[in-house]
Amino acid sequence: MTPFRAAASWYEVTGVATIVSSDEAARLHALEDALFKAVNFSGADIGSISNLMPLLEESRKEYQFTNHEVRYILVESERKRSGKMEMRIRVDIYPSATGCHVDQYKKTVLVGNIDVASPQQAVMGQIYNVGDDFSHVVNRQLDQTSRSFVSVGTTDYSISANYPERTKMIAQDNGAQYIIGGVVTDLTATIDAKLLKDDVINRQFALEMKVYDGKTGHEVYHKNYREVARWPFAKTSQVDTRSARFWASTYGEMMLRVSRNIMLDLESELSCKITLPEVVAVFGNTVTMDLGRMHGVQEGDKLQLWHTASFIDQNGLPRNKVSQSEITLTVTRLYEHEAELTIDQPNLASSVQIGDVMNKML
């Protein structure tokens with residue numbers, strides 16, 4: 001095996017953003033767009049982009065970072081053209097082999113429905129389904145560009161912190177390690193009335209996003225997003241939030257950017273959390289686990305087994321116990337959603353139980 005050599009590469013990319021509230025905001029969004037393209041193309045850890053976002057807010061010609069795969073950004077040119085800001089940048093990237101997406105199996109995510117907190121705010125354009133349609137966009141974003149997650153689809157059940165047992169059941173039914181829920185909290189618009197020209201309508205989009213652990217039903221992460229963009233449709237028109245026309249508009253474009261930021265934040269927050277495949281069947285010396293080809297499992301992978309057990313503590317509360325075993329397993333057959341493994345110590349096979357978990361040995 002050849003040792004991994006860190007080779008720096010220059011990437012030249014152009015990022016584009018629509019100018020809405022100010023040139024500064026558009027410049028930042030164009031810079032983020034270009035940086036995402038470069039890091040994604042280079043194979044570096046996209047989850048690390050979130051940490052750089054706040055440092056890009058200062059308008060500079062060059063940016064230098066330490067302890068990061070992105071070492072240096074040089075702004076080669078920026079120009080405004082037909083309401084858009086274009087930024088051409090050169091990025092110096094050292095992809096490391098230590099990103100969590102390199103050595104972990106992919107985590108399964110279920111996207112819950114996203115409600116609109118105040119339906120009266122959706123009256124303009126009659127976009128009552130914008131939350132549901134946005135959940136499909138987040139689902140697609142995770143499927144197409146995420147490194148650490150694989151989406152198992154969307155669900156119409158509402159996900160709430162108040163019902164952890166229900167969240168656990170939904171996660172189990174769908175084979176999801178994490179569930180994303182959310183609420184659109186603001187869709188209000190401000191109208192700048194013009195005498196001779198059409199009114200300019202700017203509309204808010206604020207979203208409160210929560211992520212729940214499917215095993216416990218408890219919230220593990222939450223974040224608020226707020227953006228504003230021009231609403232290019234007439235005040236009285238009915239807007240189809242599934243149409244290409246909506247998603248290609250300035251408002252739809254902004255929502256797509258929010259969905260990408262959600263994906264990047266999840267990469268940053270959760271990609272290093274361990275993925276624990278579970279034993280779902282035992283037959284003699286062969287074990288079936290609930291992760292397969294779509295999660296990045298490969299034939300020949302070695303895994304360590306951990307025994308799980310439940311017990312009642314002295315206060316009468318149910319608790320789970322996980323203890324490491326001497327057992328290792330090797331992946332011998334692969335399917336799309338599951339895999340078969342052979343127990344390397346056949347004499348210990350009788351102690352493997354359904355519900356035991358494994359972790360990939362590095």
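Which strands each supply at least two residues of the lining of the largest cavity? Read on through these close-ups of a predicted model, and the first legend will tell you.

**Close-up A. The largest cavity and its lining.** The strands in question are β7 (178–186) and β9 (200–213). Of the elements around this cavity, β7 gives the most to the lining, with 3 residues. Look for Ile-114, Val-138, Ile-180, Gly-181, Gly-182, Leu-207, Met-209 and Ile-262, which line the space. By class, 6 of these lining residues are nonpolar and 2 are polar, with no charged residues. The volume of the largest cavity is about 40 Å³, and a search of the whole structure finds 1 cavity of 30 Å³ or more.

**Close-up B. The largest pocket.** Here you meet a pocket with a volume of about 1200 Å³. Its lining is made up of 42 residues, and those nearest the centre are Asp-213, Gly-214, Lys-215, Thr-216 and Glu-278. Two or more lining residues come from each of β5 (107–116), α5 (164–174), β13 (302–312) and β14 (318–334). The helix α5 gives the most to this lining, with 7 residues. Sorted by class, the lining of the largest pocket holds 17 nonpolar, 15 polar and 10 charged residues.

**Close-up C. The second largest pocket.** This pocket holds about 320 Å³ of space. It is lined by 16 residues, with Glu-32, Met-53, Lys-223, Asn-261 and Asp-265 closest to its centre. The elements giving two or more residues to the lining are α1 (23–42), β10 (219–230) and α7 (250–270). The largest share, 5 residues, comes from β10. In this lining you will find 6 nonpolar, 4 polar and 6 charged residues.

**Close-up D. Where α1 packs with α7.** Two helices that help to line the second largest pocket, α1 and α7, are shown here with their contact. They pack at an angle of about 50°, and their axes are 12 Å apart. Because of that angle, α1 counts as oblique to α7. The crossing of α1 and α7 is left-handed. On the α1 side, look for His-29, Glu-32, Asp-33 and Phe-36, which meet Arg-257, Arg-260, Met-263 and Leu-264 of α7. The residues of this contact divide into 3 nonpolar, 1 polar and 4 charged. You may recognise Glu-32 of α1 in this contact from the previous close-up, where Glu-32 is among the residues closest to the centre of the second largest pocket.

Methods: Residues are numbered from 1 along each chain as its sequence is written. This is a predicted model: local features need pLDDT of at least 70, side-chain atom pairs count only at pLDDT 80 or more; totals for chains, interfaces and linings use all residues. Side-chain values use heavy atoms; hydrogens and water are left out. On a 1 Å grid over the protein atoms alone, a cavity is a set of points where a 1.4 Å probe fits but cannot get out, and a pocket is an open set with protein on both sides within 12 Å along at least five of seven lines; lining residues have an atom within 4 Å of a point. Grid points are joined across faces, edges and corners, and a volume is the space filled by probe spheres set on the points. Helices (H or I, at least four residues) and strands (E, at least two) are DSSP runs, numbered from the N terminus. Ala, Val, Leu, Ile, Met, Phe, Trp, Tyr, Cys and Pro count as nonpolar, Asp, Glu, Lys and Arg as charged, and the others, Gly among them, as polar. Axes are lines fitted to C-alpha atoms, for helices over the stretch in contact, and angles run from 0 to 180 degrees between N-to-C directions. Angles under 35 degrees count as roughly parallel, over 145 as roughly antiparallel, 65 to 115 as roughly perpendicular and the rest as oblique. A crossing is left-handed if the near helix is turned anticlockwise from the far one by less than a right angle, and right-handed if clockwise. Contact means heavy atoms within 4.5 Å.
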